[in-house]
Amino acid sequence: MTHRPRVATAVRGMSEAEALALPVAFSLETANRAIGLGRTVGYAMAKRGNYPIPVLRVGIAYKCRRSDLLAFLRIDDRAEAA
C-alpha cells in the first residue's frame, strides 16, 4: 500500500489586499475562506443564523457584504477611498 500525501483543495485565509479587492457582495464560500471556516461549518452556521457576519439570502444563494466582512476582520477601507 502506497501512501499518497493529502492535497488541500483550497487555501484558507485571505490577505488584507484580497479582502479590500472583493466586490460589494460575494458568495458565502468567499466569506468562509476569509474568516477561515470550512464549507460545511460555514453553511451550517448561516442556515442556523449564527454566522459571524450578516448573511443575505438571494434566491437559493447566500451572499455577504464586503463592509460587514471588513468590519469583522477589522480592516479599515477608508484609506482605500482616499
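User: Why is R39 called exposed?

Analyst: R39 has a relative accessible area of 52%. The class exposed requires over 50%, buried means under 20%, and partly exposed lies in between (1.4 Å probe, protein chains only); R39 is therefore exposed. The model is predicted: local features need pLDDT of at least 70, side-chain atom pairs count only at pLDDT 80 or more, and totals for chains, interfaces and linings use all residues. Residues are numbered from 1 along each chain as its sequence is written, and side-chain values use heavy atoms, with hydrogens and water left out.

User: What makes R39 and E29 a salt bridge?

Analyst: The term requires a side-chain nitrogen of Lys or Arg within 4 Å of a carboxyl oxygen of Asp or Glu. For R39 and E29 the N to O distance is 1.9 Å, so the pair meets the definition. R39 lies in helix 3 and E29 in helix 2 (helices being DSSP runs of H or I, at least four residues, numbered from the N terminus), so the pair ties together parts that are ten residues apart in sequence.

User: How do you know that E18 and R33 form a salt bridge?

Analyst: Their closest N and O atoms are 3.0 Å apart, which is within the 4 Å limit, and the pair therefore qualifies. E18 belongs to helix 1 and R33 to helix 2, so parts 15 residues apart in sequence are tied together.

User: Why is D68 called buried?

Analyst: D68 has a relative accessible area of 17%, and the class is set at under 20%, so D68 is buried. The side chain of D68 also meets that of R65 in a salt bridge (2.8 Å, N to O).

How values were computed: Helices (H or I, at least four residues) and strands (E, at least two) are DSSP runs, numbered from the N terminus.
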